[in-house]
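Here's a quick briefing on how this chain is put together. Have the viewer open as you read.

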Amino acid sequence: MGVGSRTQAARWVSEGRVQVNGKVIRDAEFPITQGRDRILIDGREPVASAPIAVMLNKPRGLVTTTSDDQGRDTVYQCLEGSGLPWLAPVGRLDKASEGLLLFSNDPAWAARITNPASGPDKTYHVQIDRLPDAKLLADLQHGIAIDGDHLAAKIARSLRTGEKHAWLEIVLEEGRNRQIRRLLSAFDVSVLRLVRVAVGTLLLGDLPKGRWRPLTKQEIDSL
């Protein structure tokens with residue numbers, strides 16, 4: 001319903017603040033049928049928020065989480081004072097990565113976006129510590145098995161090169177944890193910068209770093 005995060009909801013349940021059909025339930029995994037069972041939070045029936053999705057140009061150095069037990073700065077600092085309802089990240093960008101990060105209060109829409117089988121491709125611009133050759137680009141697309149995962153790029157191509165460093169464009173069909181960094185590391189390549197520039201047809205464009213904007217209905221539907 002977009003009322004709170006999964007962690008928040010589990011805490012409300014464990015604290016005895018949630019009733020199902022008039023009975024306090026303290027098991028967050030207790031099954032209910034939406035529309036048939038009546039849920040109360042602090043004695044009141046929750047009201048679903050209107051669905052919304054926004055995109056943020058995530059700066060480097062922020063962690064993608066609602067709260068961090070190590071006290072690190074999170075992406076929610078960029079949304080402070082926005083007046084937005086509760087929103088959850090749609091997918092992740094690690095602390096050292098930057099670029100396009102989606103948020104939504106619609107869990108069903110978010111699940112479709114992050115579904116490896118049906119979700120849109122993700123496009124990244126990656127600065128590496130060496131000059132790529134045709135073999136490296138082919139190896140990245142062929143992939144490699146790491147810790148039981150087969151990691152591979154759908155597309156890997158050179159964008160521009162300098163004397164010692166280069167920028168690659170890498171397209172992923174699915175986003176595993178630190179996939180690009182792990183994939184490149186397997187071929188002795190270090191990542192200097194990693195920027196997500198597109199999710200499907202949605203482009204980061206010229207959105208300033210640390211700023212956000214709502215997605216249009218057309219953008220939401222296209223994803």
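Contact here means heavy atoms within 4.5 Å. With that cut-off, the cover over the buried residues of α3 includes β7, β10 (155-161), β11 and α4. Keep in mind that this is a predicted model; the chain's pLDDT averages 93, and 100% of the residues score at least 70.

**The cores**

- The largest nonpolar core holds 32 residues, and those with the most contacts inside it are Phe-103, Val-126, Ile-128, Leu-140, Ile-170, Ile-180 and Leu-184.
- At least two residues of this core come from each of β4 (53-58), β6 (98-104), β7 (122-128), α3 (134-142), β11 (166-172), α4 (179-186) and β12 (191-199).
- β11 gives the largest share of this core, with four residues.
- There's also a second, separate core of 17 residues, and Val-90, Ile-113, Val-199 and Leu-215 are among them.
- As for the general background, nonpolar side chains in soluble globular proteins tend to be buried together.
- If you want one residue to click on, try Leu-184: leaving aside neighbours within four places in sequence, Leu-184 is in contact with Val-126, Ile-128, Leu-140, Leu-168, Ile-170, Val-189 and Val-191.

**β6 and its partners**

- Seven of the seven residues of β6 are buried, so this strand is largely enclosed by the rest of the structure.
- β4 pairs with β6 in the antiparallel sense, over six bridges, and Val-54 has Phe-103 in β6 as its bridge partner.
- Strand β5 (residues 88-90) is antiparallel to β6 too, over three bridges.
- Phe-103 turns up again here, as the bridge partner in β6 of Pro-89.
- With β12 the pairing is parallel: two bridges join β6 to β12, and Glu-98 stands opposite Val-195 in β12.

**The three-stranded sheet**

- Three strands make an open sheet in the order β2-β1-β3, with antiparallel pairing.
- β2 (23-24) and β3 (39-41) are at the edges with a single partner strand each, so one side of each has no neighbour in the sheet.
- Strand β1 (residues 18-20) is joined to β2 by two bridges, and Gln-19 stands opposite Val-24 in β2.

**Helix α3**

- Leu-136, Leu-137 and Leu-140 are buried in α3.
- Looking down the axis of α3, the buried residues fall within an arc of 100°, so they line one face of the helix.
- Ala-134, Lys-135 and His-142 are exposed on the other side of α3.
- Right behind α3 in the chain comes Gly-143, with a positive phi near 90°.

**Helix α4**

- The buried residues in α4 are Gln-179, Ile-180, Arg-181, Leu-183 and Leu-184.
- These buried residues of α4 pack against β7, α3, β8 (144-146), β9, β11 and β12.
- Asp-188, just after α4, takes a positive phi of about 60°.

**Confidence by element**

- Which elements of the chain have the lowest and the highest mean pLDDT? Strand β9 (residues 149-151) has the lowest, at 89, and β4 the highest, at 98.

Technical notes
Residues numbered from 1 in each chain as written. Predicted model: local features only at pLDDT ≥ 70, side-chain atom pairs only at ≥ 80, totals over all residues. Heavy atoms only, no water. Core = buried A, V, L, I, M, F, W, Y, C linked by side-chain atoms within 4.5 Å. Buried < 20%, exposed > 50% of the residue type's maximum accessible area, 1.4 Å probe, protein only. Pairing = 2+ DSSP bridges. pLDDT = per-residue confidence, 0-100. Arc of directions from axis to C-beta.
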